[in-house]
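User: Got a minute to walk through this one with me? I'd like to start from a single residue and work outwards.

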Amino acid sequence: MGTVLGMARRPFDPKDRGLRKTNYRQGDVLDRDGVDALVKGADVVVHLAFIILGGSDETRSINLEGSRNVFAAAVAAPRVKRLVYTSSVAAYGFHADNPQPLTEDVPTRGTDAHYYSAQKAELEDTLQEALSGSDLDAYVFRPCIVAGPDALTLVTSFPAPMRKLPLVKPVLPDPGIPFQLVHHDDVASAVAAGVRGDGSHGVYNLAGEGTIGVRDLADAFGWLSVPVPKLGVGLTAEAIGRLPLMPAQAAWINAMRVPVVMDTGMARNGLRWKPAHDTRATLAATVESARERGLL
């Protein structure tokens, strides 16, 4: 009977979630000895640890050094057959000359002004270096914005005072850039396919059907939106990137400079992956959960 051994920094009791085949070990990916002990005897390693919101210096040690520890430990462990790693659409970077839609053979160039994007691109190169000369198979998933009832970063990335204005509705600038959402359950189903070794190992884009824009987001939140030229977003992003002491969320304005819509044909055909939720349904489920929790 298979079991799951998980590790994270915060306390967690699998029994509270009804997980009967899951064991938990509190630890840190920065502790190489701890990571080695975790993967010893494992058949498959799944690496999900990553800081999304935070400053460049704050996130670099966890995101880069921690991930290197996981990659190296997985390669060194004699029993591990597969590594499943969640990258991001941000690894492609937010570049005007990127083709649309993005396919898996588009180079991962990252965007320097967006630390998350730059780190995700760097880590994909690091992973390939770690795998060089190894027999380890790697499944790399590049999801778009992950949302859903239990993934509320789409909402909480906006500051609480903005979300809680009692009388005035917030106004979001809308440059008309389309984007995608993917439900956390659909990402989980892709990760499970990688754990099983379905299809061929390699890189796979993950996104729900359809696209939305900032106006759709504002409507769902009960906010307002105003059209703005794309050039204005680009100039704002450049200015924000040069300002000191800006909150980490501000860097995400770079994501609205150009479309980052992905083609998911590889996952659908190669893994037989079919998302159960489209982009609009995922947005609705996210907003409903955020309202129930008093976040909107």
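Analyst: Sure. Keep in mind that this is a predicted model. Let's start with Phe 158, which sits in the loop between helix H4 (153-156) and helix H5 (160-163).

User: OK, is Phe 158 buried or exposed?

Analyst: Phe 158 counts as buried, because its relative accessibility is 17% and the cut-off for buried is under 20%.

User: And what does Phe 158 touch, leaving out residues up to four places away in sequence?

Analyst: Phe 158 touches Arg 163, Leu 172, Leu 217, Phe 221 and Trp 223.

User: Let's go to helix H7 then. How do the axes of H7 and H10 cross?

Analyst: The axes of H7 (residues 214-221) and H10 (residues 279-292) come within 10 Å and cross at roughly 35°. That crossing of H7 and H10 is right-handed.

User: Which residues make the contact?

Analyst: From H7 you have Asp 216, Leu 217, Ala 220 and Phe 221, and from H10 Arg 280, Leu 283, Val 287 and Arg 291. Sorted by class, the H7 contact with H10 has five nonpolar and three charged residues, with no polar ones. Leu 217 and Phe 221 are also touched by Phe 158.

User: Switching to the sheet. What's the strand order?

Analyst: The order is E3-E4-E5-E9, an open sheet of four strands with parallel pairing. Strand E3 (44-47) and strand E9 (202-206) are at the edges with a single partner strand each, so each has one side without a neighbour in the sheet. On average, neighbouring strands are turned by 15° against each other, ignoring direction.

User: How many bridges join E3 to E4?

Analyst: Four bridges join E3 to E4 (residues 82-86), and the two strands run parallel. Val 46 stands opposite Val 84 in E4.

User: What about E5 and E9, how many bridges there?

Analyst: Five bridges join E5 to E9, and these strands run parallel. Val 140 has Val 203 in E9 as its bridge partner.

User: E9 is an edge strand, as you said. How many of its residues are buried?

Analyst: Four of the five residues of E9 are buried, so E9 is largely enclosed by the rest of the structure.

User: Which helix lies across E4 and E5?

Analyst: That's H3 (residues 115-131), which lies across E4 and E5 (137-143) and runs at about 170° to E4. Helix H6 (residues 184-196) packs on the sheet too, touching E3, E4, E5 and E9, and its direction makes about 160° with that of E4.

User: Does the span of H3 agree with what's expected, or disagree?

Analyst: It agrees: at 1.5 Å a residue, the 17 residues of H3 should span 24 Å, and the end C-alpha atoms are 24 Å apart.

User: Which residues of H3 are buried?

Analyst: Among them are Tyr 115, Tyr 116, Ala 121, Leu 123, Leu 127 and Leu 131, and the list also includes Lys 120 and Glu 124. After H3 comes Gly 133, with a positive phi near 80°.

User: Any backbone oddities to look at? Where is the cis peptide bond?

Analyst: The cis peptide bond joins Gln 100 and Pro 101, with omega about -5°. Pro 101 lies in the loop between E4 and H3. There's also Arg 272, a residue other than glycine with a positive phi, near 60°.

User: Where does Arg 272 lie, and is it buried or exposed?

Analyst: Arg 272 is in the loop between helix H9 (265-270) and H10. Arg 272 is exposed, with a relative accessible area of 69%.

Notes:
Residues numbered from 1 in each chain as written. Predicted model: local features only at pLDDT ≥ 70, side-chain atom pairs only at ≥ 80, totals over all residues. Heavy atoms only, no water. Pairing = 2+ DSSP bridges. Axes fitted to C-alpha atoms, helices over the stretch in contact; angles between N-to-C directions. Contact = heavy atoms within 4.5 Å. Left-handed = near helix turned anticlockwise from the far one by under 90°. Nonpolar A, V, L, I, M, F, W, Y, C, P; charged D, E, K, R; others polar. Buried < 20%, exposed > 50% of the residue type's maximum accessible area, 1.4 Å probe, protein only. Expected span 1.5 Å × (residues − 1).
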